[in-house]
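Visitor: Please pick one loop and take a close look at it for me, then work outwards from there. I'd like the cut-offs spelled out as you go.

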Amino acid sequence: SGLIHFLSSSGNKYDANMIRRGDTTIATVESGSTDSAKRDDITSTTAEQSNNSDYQHILSLTLDISPPTKIRIAVLKDKCPKAYEFLSFMVENQQTECNPCTIYRGEPVPTYWGSKDYPDRYFDKGRWGPPYALVQGGLVNSKFNTVEQDNHRPKVLQRGMVAWAGGNSIHFFIALADHPEWGDVHTAWGEVLPEDMSVVDALVKERPLKVLERNNPVLTNFVEPMYFHLRWEGG
C-alpha cells in the first residue's frame with residue numbers, strides 16, 4: 001500500500017538484535033545523506049526562514065534525555081491547518097494529554113539506500129530498506145486516535161520532512177533520506193529546521209537500537225523510547 005507501518009513503544013515482546021554505533025550496515029551522515037542542495041539554498045539562513053511563511057510556526061520537541069535535546073519543526077500551517085490545530089491542542093494540553101509523547105523508532109539510512117544494485121522494493125533487502133531511514137514518534141492522548149488529513153502529499157518525501165504515519169495516525173515520522181518509493185500517500189505537515197537535522201541523525205547513530213526480526217515488516221526501535229515536551233517557539 002505504500003503506507004509506513006507504526007508500532008507503539010511498548011512493542012518489546014519480540015526477540016531483538018542490538019545495533020550499536022559503527023555497525024557496517026548503517027550509513028554515516030556524510031555517505032547516507034540525500035540532502036538536496038536546492039533545499040539547502042532555500043533554507044540555509046535564519047533571515048531567509050523569517051521571510052518564508054512556512055517558517056513562521058516553529059514547534060519545538062525537547063527530548064527528555066541527557067543532555068536535553070531539542071528538535072525544531074517548521075509546521076506548514078497554511079498547507080496543513082488540520083495538523084496545526086491538532087498540534088496546538090497537544091501543546092496546550094500536554095500536561096494531561098501526552099500519554100505518552102515519545103520517539104520510539106529509529107531506522108538508520110542503509111549504505112545501499114536507493115542503489116540500483118538492489119531490487120526496487122522496501123522489504124526483503126530491497127534498495128529502500130529495511131532499515132527505513134526515518135525516526136518515528138507518537139502523540140498519544142485521550143481525545144484523538146486519528147488526525148483528519150490535510151491535502152499536502154508530496155510525490156517524494158524529502159529528507160527532513162515530517163509526516164503522519166499510517167494514514168490518519170497520530171504517529172509521525174521524520175525522513176532521514178529522500179523517499180521516492182512511497183509516492184504521495186503521506187501527509188507532510190512540517191520540516192525539521194536544516195540546522196537541527198544533525199541532531200536527528202545523531203539519535204540513530206549514537207543511541208542503542210533493536211531490530212524486531214519477527215515483525216513484518218522488520219522494524220528497528222530505540223532500546224529506550226525518548227519522552228518529549230512540546231512548545232511553540234516564541235510562545
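Guide: First, the vocabulary: helices (H or I, at least four residues) and strands (E, at least two) are DSSP runs, numbered from the N terminus. What you have here is a predicted model, in which local features need pLDDT of at least 70 and side-chain atom pairs count only at pLDDT 80 or more, while totals for chains, interfaces and linings use all residues. Residues are numbered from 1 along each chain as its sequence is written, and side-chain values use heavy atoms, with hydrogens and water left out.

The loop to look at is the one between β5 (134-139) and β6 (161-164), and our guide residue in it is L157. Loop or not, L157 is buried, at 2% relative accessibility. Buried here means under 20% relative accessible area, exposed means over 50%, and partly exposed is whatever falls in between (1.4 Å probe, protein chains only). So who is L157 touching? Counting heavy atoms within 4.5 Å as a contact, and skipping residues up to four places away in sequence, L157 meets A163, F173, A177, D178, H179, W182, H186 and A188. As for L176, 19 residues from L157 along the chain, the C-alpha atoms of the two are separated by 9.9 Å.

Now for the nonpolar cores. A nonpolar core is a set of buried Ala, Val, Leu, Ile, Met, Phe, Trp, Tyr and Cys residues joined through side-chain atoms within 4.5 Å. In soluble globular proteins, nonpolar side chains tend to be buried together. The largest core in this model has 44 residues, and the members that touch the most others are I71, L87, L139, W164, W189 and F228. Helix α4 (residues 81-92) gives this core its largest share, seven residues. Apart from it there's another core, of nine residues, including Y132, M161, A165 and W182. You've already met W182, as one of the contacts of L157.

F228 deserves a stop of its own. Leave aside its neighbours within four places in sequence, and F228 is in contact with L61, T62, L63, D64, C101, T102, I103, G138, L139 and F172.

Back to α4: it has twelve residues and spans 16 Å from its first C-alpha to its last, close to the expected 16 Å, where the expected span is 1.5 Å times one less than the number of residues. Its buried residues are A83, Y84, F86, L87, S88, F89, M90 and V91. Compare your view of helix α6 (residues 197-206), whose buried residues are M197, V200, D201, L203 and V204. Seen down the axis of α6, these fall within an arc of 145° (taken from the directions from the helix axis to the C-beta atoms), so they line one face of that helix.

C101, one of the contacts of F228, takes us to the sulfurs. A disulfide is a covalent bond between the sulfur atoms of two cysteines. With the cut-off set at a pair of cysteine sulfur atoms within 2.5 Å, the count comes to one disulfide. The link runs from C98 to C101, with S to S at 1.9 Å, and it is left-handed, at -75° about the S-S bond. Both ends are buried: C98 at 18% relative accessible area and C101 at 2%.

Next, some backbone oddities. Most residues other than glycine have a negative phi, and most peptide bonds are trans. The S66 to P67 peptide bond is cis, with omega near -5°, and P67 sits in the loop between β2 (58-63) and β3 (69-75). Another cis bond goes from G129 to P130, with omega near 10°; P130 is in the loop between β4 (101-107) and β5. K125 is in the loop between β4 and β5 too, with a positive phi near 60°, and it is exposed at 66% relative accessible area. A133, likewise placed between β4 and β5, has a positive phi of about 55° but is buried at 0%.

Finally, zoom out. The protein comes to six helices and ten strands, and of its 235 residues, 50% count as buried. Among contacts between residues at least 6 apart in sequence, 70% join residues at least 24 apart. About 11,400 Å² is exposed, with carbon and sulfur atoms supplying 48% of it; those areas come from the Shrake-Rupley method with a 1.4 Å probe, and for residues only the protein chains shown count as cover.
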